[in-house]
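Visitor: I have a structure open and would like to go through its empty space and a few buried side chains. Can we start with what counts as a cavity?

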Amino acid sequence: MKLGLHISDFTWGVSADQLAPTVARIARDADDAGFDRISVMDHVWQIAVHGPPEHEMLEAYTTLGFLAAHTSRVKLLTLVTGVVYREPGLLAKIVTTLDVLSQGRAMLGIGAAWNEDESRGLGLFFPPTKERFERLEEALRICRQMFDGPEGAFHGKHYTLGRTLNNPRPVSPRVPILIGGSGEKKTLRFVAQYADSCNLFAGPDVAHKIEVLKQHCADVGRDYDEIEKTVIYRYDLGAGGSRVEQTLEDLAGLSKLGFAVAHGGVKNVADPATLALFRERVVPEAAKL
């Protein structure tokens, strides 16, 4: 089992001028601890599960570029980009740039978007649900074409690109595309058709979601085993590491379900001792699962 650090909260009781060194230190410590990837949310306001909208929030791809300069091995992605926040041609260019400048460590995490409040607040485009999913499918096709070629035009219902020129090409042989979400009719079908990875929530129905994905793969002729299964898991190691064993037990259960990566926020991540515990007691044991 590989671990992913999800940085979804930048409210650490430090001033704005101290956010950069704090984020850089956390990223370096996670890189050194053996985390496989670091992700950030693609939000411009904080979301309710983490705090009020007025809390600190950094723009996703600027942050990932910063993280690329302060790490050497972790993969970098959003969990997940709202498809309507950036035109897909520009999004593919952004992710390609991240891949080139990180020397092949970028992933594209993408979904249909859901936060209408922040979108209306900052004047971002936010069409109805049906249209967002239509745009998601077209964006997936556009990004794959721009990552892999061949160069050419794209004509869809919502997007028209006259020439999918993308130079330089990504450094990665294949930039992985991760689709976030667990909707059974559309999202998991898109995973089967277009994605390299999925990302699900570790809830009571997660085993059912896996079975739905398997059926979609069968329906479209996709090898289910080709898709990396990832899961959201909230890391809380407890005071002095009192919950390390419980965490490893939880990860073992997720591994048995077929998950290869557990992404998650880490409680007290700004405390250097927290990531030191991961390096010493969690990452080496999780690797055996």
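Guide: A cavity is a set of grid points where a 1.4 Å probe fits but cannot get out. The model here is a predicted one.

Visitor: What volume does the largest cavity have?

Guide: The volume of the largest cavity is about 30 Å³. The structure holds one cavity of 30 Å³ or more.

Visitor: Which residues line the largest cavity?

Guide: Its lining is made of Val83, Val84, Arg86, Glu87, Phe125, Arg135 and Tyr159. By class, four are nonpolar, three are charged and no polar residue is present.

Visitor: Now pockets. How much space lies in the largest pocket?

Guide: The largest pocket holds about 880 Å³ of space. It is lined by 40 residues, and the closest to its centre are His6, Met41, Ile47, Leu79 and Phe201.

Visitor: Which elements give two or more residues to that lining?

Guide: Those elements are β1 (2-7), β4 (81-82), α5 (129-148), β8 (177-180) and β9 (197-201). The largest share, three residues, comes from β1.

Visitor: And how do the lining residues of the largest pocket divide into nonpolar, polar and charged?

Guide: There are 21 nonpolar, 15 polar and four charged residues in that lining.

Visitor: Switching to side chains. Where does Asp31 lie?

Guide: Asp31 is part of helix α1, residues 16-33.

Visitor: Is Asp31 buried or exposed?

Guide: Asp31 counts as buried because its relative accessible area is 6%, and the cut-off for buried is under 20%.

Visitor: What lies 2.7 Å from a polar atom of its side chain?

Guide: That is the backbone nitrogen of Ser72. Beyond its neighbours within four places in sequence, Asp31 is in contact with Thr71, Ser72, Arg73 and Val74.

Visitor: What about His263, buried or exposed?

Guide: His263 is buried, at 0% relative accessibility. This histidine lies in strand β11, residues 261-264.

Visitor: What is His263 in contact with, leaving aside neighbours within four places in sequence?

Guide: The list includes Gly4, Arg37, Ser39, Leu77, Leu79, Leu178 and Asn199. Also among them are Thr230, Val231, Ile232, Tyr233 and Tyr235. Leu79 came up before, as one of the residues closest to the centre of the largest pocket.

Visitor: Last one: which feature does UniProt place at residues 20-230?

Guide: The unreviewed UniProt entry gives "domain: Luciferase-like" for that range. Over residues 20-230 the chain is 42% helix and 14% strand, with the end C-alpha atoms 28 Å apart.

How values were computed:
Residues are numbered from 1 along each chain as its sequence is written. This is a predicted model: local features need pLDDT of at least 70, side-chain atom pairs count only at pLDDT 80 or more; totals for chains, interfaces and linings use all residues. Side-chain values use heavy atoms; hydrogens and water are left out. UniProt positions are given in the numbering used here, feature names are shortened, and annotations may be inferred rather than shown by experiment. Helices (H or I, at least four residues) and strands (E, at least two) are DSSP runs, numbered from the N terminus. On a 1 Å grid over the protein atoms alone, a cavity is a set of points where a 1.4 Å probe fits but cannot get out, and a pocket is an open set with protein on both sides within 12 Å along at least five of seven lines; lining residues have an atom within 4 Å of a point. Grid points are joined across faces, edges and corners, and a volume is the space filled by probe spheres set on the points. Ala, Val, Leu, Ile, Met, Phe, Trp, Tyr, Cys and Pro count as nonpolar, Asp, Glu, Lys and Arg as charged, and the others, Gly among them, as polar. Buried means under 20% relative accessible area, exposed over 50%, partly exposed in between (1.4 Å probe, protein chains only). A polar contact is a pair of N or O atoms within 3.5 Å; within protein, one must be able to donate a hydrogen and the other to accept it, and residues adjacent in sequence count only if both atoms are side-chain atoms. Contact means heavy atoms within 4.5 Å.
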